[in-house]
Amino acid sequence: MTVAGSDSGGGAGIQTDMRTFALLGVHACVAVTAVTVQNTVGVSDFVAMSPDIVAAQMRSVVTDIGVGAVKTGMLASGPIIDAVASTADELDLGNSRTVPLVVDPVAASMHGDPLLAAEAFDALRTNLIPRATVVTPNLDEVRLITGIDVTDAASQHDAVRALLDMGAQWALVKGGHLRSSTQSPDLLSDGVEDHEFTTERIATGHDHGAGDTLAAAITAALAHGYSVPDAVRFAKSWVTEGLRWAYPLGAGHGPVNPMWRVSEE
Ligand SMILES: Nc1ncnc2c1ncn2[C@@H]1O[C@H](COP(=O)(O)OP(=O)(O)O)[C@@H](O)[C@H]1O
Ligand SMILES: Cc1ncc(COP(=O)(O)OP(=O)(O)O)c(N)n1
């Protein structure tokens, strides 16, 4: 299940989560949190759902269909974060519970347009991150959540540690925004084991939805029963191929291609 916002441009959010889930052989259920007015050049507006409706969608799916793993993406507001956190407890989702919860703490689009209210960061830190089986911020989100400016491997370690101190079971700090690097290094840790996943940097301007594709692939792999390190290893290779097969669309950043395997065939 994905608990996320709609991207009218079809490159991120619910739309990319559903494609990724489908390609990875899991049925996609959805709790819609917001509808964005978005294309390849930016997000011009969004409307958020009521927290009660977000919680009700989660409850409706879990009590009837059941879920193998849950991902959160754009949550838009503090009250929605609080509702998702308390519903996760009610439904036995998250850190040290039955069903894994992947928290992609979406704060803004790649163009800098906000997707989360500024006053919602406390709720993210205190209510949602402690419930995460794995939290997957990019470097901008790390800065907003922890105050740490990741510029190298040492500060990436510090950021992982800060997220674990907030209570996440595993933290994955993505290096996709280390623009100077020729590689794309992501660091995963639970405080005991460190795993570094490094791939070549793909030279593409079409990287919209990379974070969603990665987190959705982790979620699908967890639903299939992978351990967190194996799920991240798999998802990292999945998103790398998605970036290789990304396609131009509109005037801005085209989408990562979560259908790359089909496109390849
Ligand atoms: N140009 C690139 N080449 C290879 N991997 C990349 C590239 N850009 C991002 N990634 C990878 O894609 C995933 C998503 O990263 P990132 O772009 O940081 O997230 P977000 O889309 O949330 O901003 C990470 O595994 C990151 O390392
Ligand atoms: C509705 C919606 N959800 C999430 C995002 C952000 O997507 P993400 O893959 O994390 O990152 P960018 O492609 O924006 O770098 C979004 N834009 N819209």
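**Exercise 1. The shell around ligand 1**

Which element supplies the largest share of the shell around ligand 1, and how many residues come from it?

*Solution.* The model is a predicted one.
Step 1. Begin with the whole shell: ligand 1 is surrounded by 20 residues, and the closest are Asn138, Gly176, Ser184, Ile202 and Gly211.
Step 2. Identify the contributing elements. At least two residues each come from strand 8 (183-189), helix 7 and helix 8 (228-244).
Step 3. Select the main contributor: helix 8 provides the largest share, 4 residues.
Step 4. Classify the shell residues, which comprise 6 nonpolar, 9 polar and 5 charged.

**Exercise 2. The shell around ligand 2**

Determine which element gives the most to the shell around ligand 2, and state how the residues of this shell divide by character.

*Solution.*
Step 1. The shell around ligand 2 consists of 19 residues, with Gly5, Ala12, Gly13, Met110 and Gly211 the closest.
Step 2. Two or more residues are given by each of strand 1 (2-7), strand 2 (30-39) and helix 7 (210-223).
Step 3. Of the elements, strand 1 gives the most, with 4 residues.
Step 4. By character, the shell around ligand 2 holds 7 nonpolar, 10 polar and 2 charged residues.

**Exercise 3. The buried side of helix 5**

Explain why the buried residues of helix 5 lie on the same side, and name the elements against which they pack.

*Solution.*
Step 1. List the buried residues. In helix 5, which spans residues 139-146, these are Leu139, Glu141, Val142, Ile145 and Thr146.
Step 2. Consider their directions around the axis. The buried residues cover an arc of only 155 degrees, and therefore they lie on the same side of helix 5.
Step 3. Find the packing partners: the buried residues of helix 5 pack against helix 4 (121-128), helix 6 (153-165) and strand 7 (170-173).
Step 4. Continue past the helix. Glycine 147 follows helix 5 and has a positive phi, near 80 degrees.

**Exercise 4. The protein as a whole**

Assess how compact the protein is for its length, and state what percentage of its residues is buried.

*Solution.*
Step 1. Count the elements: the protein contains 9 helices and 9 strands.
Step 2. Compare the radius of gyration with the globule rule. The value is 17 Å, close to the 18 Å that the rule gives for 265 residues, so the protein is as compact as a globular protein of that length.
Step 3. Describe the extent. Along the principal axes, the C-alpha atoms fill a box of roughly 45 × 40 × 35 Å.
Step 4. Turn to burial: 53% of the 265 residues are buried.
Step 5. Examine the contacts. Among those with a separation of 6 or more, 67% join residues 24 or more positions apart.

Note on methods:
Residues are numbered from 1 along each chain as its sequence is written. Chains are lettered from A and ligands numbered from 1 in the order in which they are written. This is a predicted model: local features need pLDDT of at least 70, side-chain atom pairs count only at pLDDT 80 or more; totals for chains, interfaces and linings use all residues. A residue is buried if 20 or more other C-beta atoms lie within 10 Å of its own, exposed if 12 or fewer, and partly exposed in between; C-beta atoms are placed from the backbone. The arc is that of the directions from the helix axis to the C-beta atoms. Two residues are in contact if their C-beta atoms, placed from the backbone, lie within 7 Å. A residue is near a molecule or strand if its C-beta atom, placed from the backbone, lies within 6 Å of it. Ala, Val, Leu, Ile, Met, Phe, Trp, Tyr, Cys and Pro count as nonpolar, Asp, Glu, Lys and Arg as charged, and the others, Gly among them, as polar. The radius of gyration is taken over C-alpha atoms; the globule rule is 2.2 Å times the number of residues to the power 0.38.
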